[in-house]
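Visitor: I should be grateful for a close look at a single part of this protein. Please take the nonpolar interior as the centre of the account, and then set its surroundings beside it.

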Amino acid sequence: EEQLVRVYLPPDANSLLVATQECLESTNRVNVIVSDKQPIRQWLTYEEALEQSRIGASVWKFASDNNPDVVLAACGDYQTAETLAAIKLLKQHIPSIKVKMVNVSELNVLGAPHLYPDALGENEFNELFTKDKEVVFLFHGYPETIKQLLFDRANNKRFHIYGYMEKGTTTTPFDMLIRNNVSRYHIAIRALKYAAKNNFVVSLKAKSLIKMFEDK
């Protein structure tokens, strides 16, 4: 069974190359690529981008710890950059926090397998997002889109989804992130709140760090 529509949100330059090639080689399908108009960064090697494209999502190990206190997920190029910036901030101020960074580059893989042929199986899904940890999910769009895709997933209440709330004010990219509460500081604050439930050291320092990030 083939999906009629595929939606790609490549996080970097190599991922954009891979997604474009995949779209140009496909038939009997509508492909959507959501990407920046400006030169975009490069986080993955071409081989890593190919591997992520095969599944539609992956754990970015260079920004992840084993047995995480909280999962940070990003879908979209700005969201990816801000999530990585948030992880850097957290590691600077509280190195003991453990995070897992998940990047989603093909939207439909989040849906239920019985509705989306290319969706992640239950085991694959739990391998990425863990079975029980809180997930802060940043999306380049309206949060309801992700909520709808995750509706049939088990234990979906642990997903806290953030995206655009307003209707597209013309402003700078970073101001857009601030207006919609999805900047690196907002991400770091949420990560601290959820990580504090699983990490005693984080729970001791969370309040003062959250105040600092709010002031920033």
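Guide: The following account begins with the nonpolar interior and then turns to a helix, a surface patch and two loops. The model under discussion is a predicted one.

The largest nonpolar core has 33 residues, and those that touch the most other members are Val-70, Leu-90, Ile-97, Met-101, Leu-192 and Phe-213. Two or more residues of this core come from each of strand 4 (70–75), helix 3 (77–93), strand 5, strand 6 (135–139), helix 7 (184–195) and helix 8 (200–215). Among these contributors, helix 7 gives the most, namely seven residues. There is also a second, separate core of 23 residues, which includes Val-71, Ala-73, Val-102 and Phe-139.

Val-70 may serve as an example from the larger core. When residues up to four places away in sequence are not counted, Val-70 touches Lys-98, Val-99, Lys-100, Glu-134, Val-136, Ala-191, Tyr-194 and Ala-195.

Ala-86 offers a view from helix 3. Because its relative accessibility is 0%, and buried means under 20%, Ala-86 counts as buried. With residues up to four places away in sequence again not counted, Ala-86 touches Arg-184, Ile-187 and Ala-188. Its C-alpha atom lies 9.4 Å from that of Leu-72, a residue 14 places apart from Ala-86 in sequence.

Helix 2 (residues 46–55) shows how a helix can have two distinct faces. Ala-49, Gln-52 and Ser-53 are buried in this helix. These three residues are on the same side of helix 2, because they cover an arc of only 105° around the axis. The cover over the buried residues of helix 2 includes helix 1 (13–25), strand 3 (57–59) and strand 5 (99–104). On the face turned away from the buried side, helix 2 carries Glu-47 and Arg-54, which are exposed. Just after this helix comes Gly-56, with a positive phi of about 100°.

The surface also holds nonpolar residues. Leu-4, Val-5, Val-30 and Val-32 make a nonpolar surface patch of about 340 Å². Leu-4 belongs to the segment before strand 1 (5–8). Since exposed means over 50%, Leu-4 counts as exposed at its 63% relative accessibility. Val-30 is found in strand 2 (residues 30–33), and its 49% relative accessibility is the reason that Val-30 counts as partly exposed. Although Val-30 and Val-5 are 25 residues apart along the chain, their C-alpha atoms are separated by 4.7 Å. Leaving aside neighbours within four places in sequence, Val-30 is in contact with Leu-4, Val-5 and Arg-6.

Finally, two asparagines deserve attention for their backbone angles. Most residues other than glycine have a negative phi. Asn-28, however, has a positive phi near 55°. This residue, Asn-28, lies in the loop between helix 1 and strand 2, and it counts as exposed because its relative accessibility is 70%. Asn-155 likewise is not a glycine and has a positive phi, of about 55°. The loop that holds Asn-155 runs between helix 5 (143–150) and strand 7 (159–162). With 43% relative accessibility, Asn-155 counts as partly exposed.

Technical notes. Residues are numbered from 1 along each chain as its sequence is written. This is a predicted model: local features need pLDDT of at least 70, side-chain atom pairs count only at pLDDT 80 or more; totals for chains, interfaces and linings use all residues. Side-chain values use heavy atoms; hydrogens and water are left out. Patches are made of residues with over 30% relative accessible area and no salt bridge: like charges are joined within 9 Å, nonpolar side chains (Val, Leu, Ile, Met, Phe, Trp, Tyr) within 5 Å. Accessible areas come from the Shrake-Rupley method with a 1.4 Å probe; for residues, only the protein chains shown count as cover. A salt bridge is a side-chain nitrogen of Lys or Arg within 4 Å of a carboxyl oxygen of Asp or Glu. Helices (H or I, at least four residues) and strands (E, at least two) are DSSP runs, numbered from the N terminus. Buried means under 20% relative accessible area, exposed over 50%, partly exposed in between (1.4 Å probe, protein chains only). The arc is that of the directions from the helix axis to the C-beta atoms. Contact means heavy atoms within 4.5 Å. A nonpolar core is a set of buried Ala, Val, Leu, Ile, Met, Phe, Trp, Tyr and Cys residues joined through side-chain atoms within 4.5 Å.
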